[in-house]
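Work through the exercises below with the model open. Try each task before reading its solution.

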Amino acid sequence: DLRKLAETQCGTKAEAIDVDAPLIAQGCDELDVVELILMVEEKYNLTIPDIEGERVTINNLARIINNR
């Protein structure tokens, strides 16, 4: 679950993460977001195109995973 990965990386409780809001607005800093993207790439064996940190949301990551 992407929320659980974000919780692990950012420290924000999974149930408190708004899937449509940028992760940076929810307690993640830019390094957290980069590390989360790397975790997702490794877990799902894919490459995520560069996304500006302030635009990374759980739903954006889910779309990339589902469209691979």
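**Exercise 1. Classify Val 34 as buried, partly exposed or exposed, then find the surface patch that holds Val 34.**

Solution. The model is predicted, so every step rests on computed values.
- Step 1. Read the relative accessible area of Val 34: 46%.
- Step 2. Apply the cut-offs: buried is under 20%, exposed is over 50%, and partly exposed lies in between. Val 34 is therefore partly exposed.
- Step 3. Place the residue: Val 34 sits in helix 2.
- Step 4. Look for nonpolar partners. Leu 31, Val 34 and Leu 38 make a nonpolar surface patch of about 290 Å².

**Exercise 2. Take Leu 36 and decide: buried or exposed?**

Solution.
- Step 1. Leu 36 also belongs to helix 2.
- Step 2. Its relative accessible area is 1%, so Leu 36 is buried.
- Step 3. Add a distance. The C-alpha atoms of Leu 36 and Asn 60 are 13 Å apart. Along the chain, 24 residues separate the two.

**Exercise 3. Find the disulfide, give its handedness and say what it links.**

Solution.
- Step 1. Search the whole structure: one disulfide turns up.
- Step 2. Name the pair. Cys 10 and Cys 28 have sulfur atoms 1.9 Å apart. The cut-off is 2.5 Å, so the pair qualifies.
- Step 3. Take the torsion about the S-S bond. It is about 105° for Cys 10 and Cys 28, so the disulfide is right-handed.
- Step 4. Locate both ends. Cys 10 is in helix 1 (residues 2-10), and Cys 28 is in the loop between helix 1 and helix 2. They are 18 residues apart, and the bond links distant parts of the chain.
- Step 5. Check the burial: Cys 10 and Cys 28 are both buried.

**Exercise 4. Describe Lys 13 and its distance to Gln 26.**

Solution.
- Step 1. Lys 13 lies in the loop between helix 1 and helix 2.
- Step 2. With 52% relative accessibility, Lys 13 counts as exposed. The cut-off for this class is over 50%.
- Step 3. The C-alpha atoms of Lys 13 and Gln 26 are separated by 9.9 Å, and the two are 13 residues apart along the chain.

**Exercise 5. Which side chains meet in a salt bridge, and how far apart are they along helix 1?**

Solution.
- Step 1. Recall the principle: side chains of opposite charge can pair when their charged atoms come close.
- Step 2. Count the salt bridges: the structure holds one.
- Step 3. Identify the partners. Lys 4 and Glu 7 meet at 3.4 Å, N to O. The limit is 4 Å, so the pair counts.
- Step 4. Check the spacing. Lys 4 and Glu 7 are three residues apart in helix 1, so about one helical turn separates them.
- Step 5. Check the exposure of Lys 4: a relative accessible area of 45% makes Lys 4 partly exposed.

**Exercise 6. Which residues form the patch of negative charge, and where is Glu 54?**

Solution.
- Step 1. Asp 29, Glu 30, Glu 35 and Glu 54 gather in this surface patch.
- Step 2. Glu 54 lies in the loop between helix 2 (30-44) and helix 3 (58-66).
- Step 3. At 41% relative accessibility, Glu 54 is partly exposed.

**Exercise 7. What is unusual about the phi of Asn 45?**

Solution.
- Step 1. Start from the rule: most residues other than glycine have a negative phi.
- Step 2. Asn 45 is not a glycine, yet has a positive phi of about 50°.
- Step 3. Asn 45 is in the loop between helix 2 and helix 3.
- Step 4. Asn 45 is exposed, with a relative accessible area of 69%.

Conventions
Residues numbered from 1 in each chain as written. Predicted model: local features only at pLDDT ≥ 70, side-chain atom pairs only at ≥ 80, totals over all residues. Heavy atoms only, no water. Patch = residues over 30% accessible without salt bridge, like charges linked within 9 Å, V, L, I, M, F, W, Y side chains within 5 Å. Areas by Shrake-Rupley, 256 points an atom, 1.4 Å probe, with all protein chains shown as cover. Lys, Arg positive; Asp, Glu negative; His and termini not counted. Charge placed at Lys NZ, Arg CZ, Asp CG, Glu CD. Helix = DSSP H or I, 4+ residues; strand = E, 2+ residues; numbered from the N terminus. Buried < 20%, exposed > 50% of the residue type's maximum accessible area, 1.4 Å probe, protein only.
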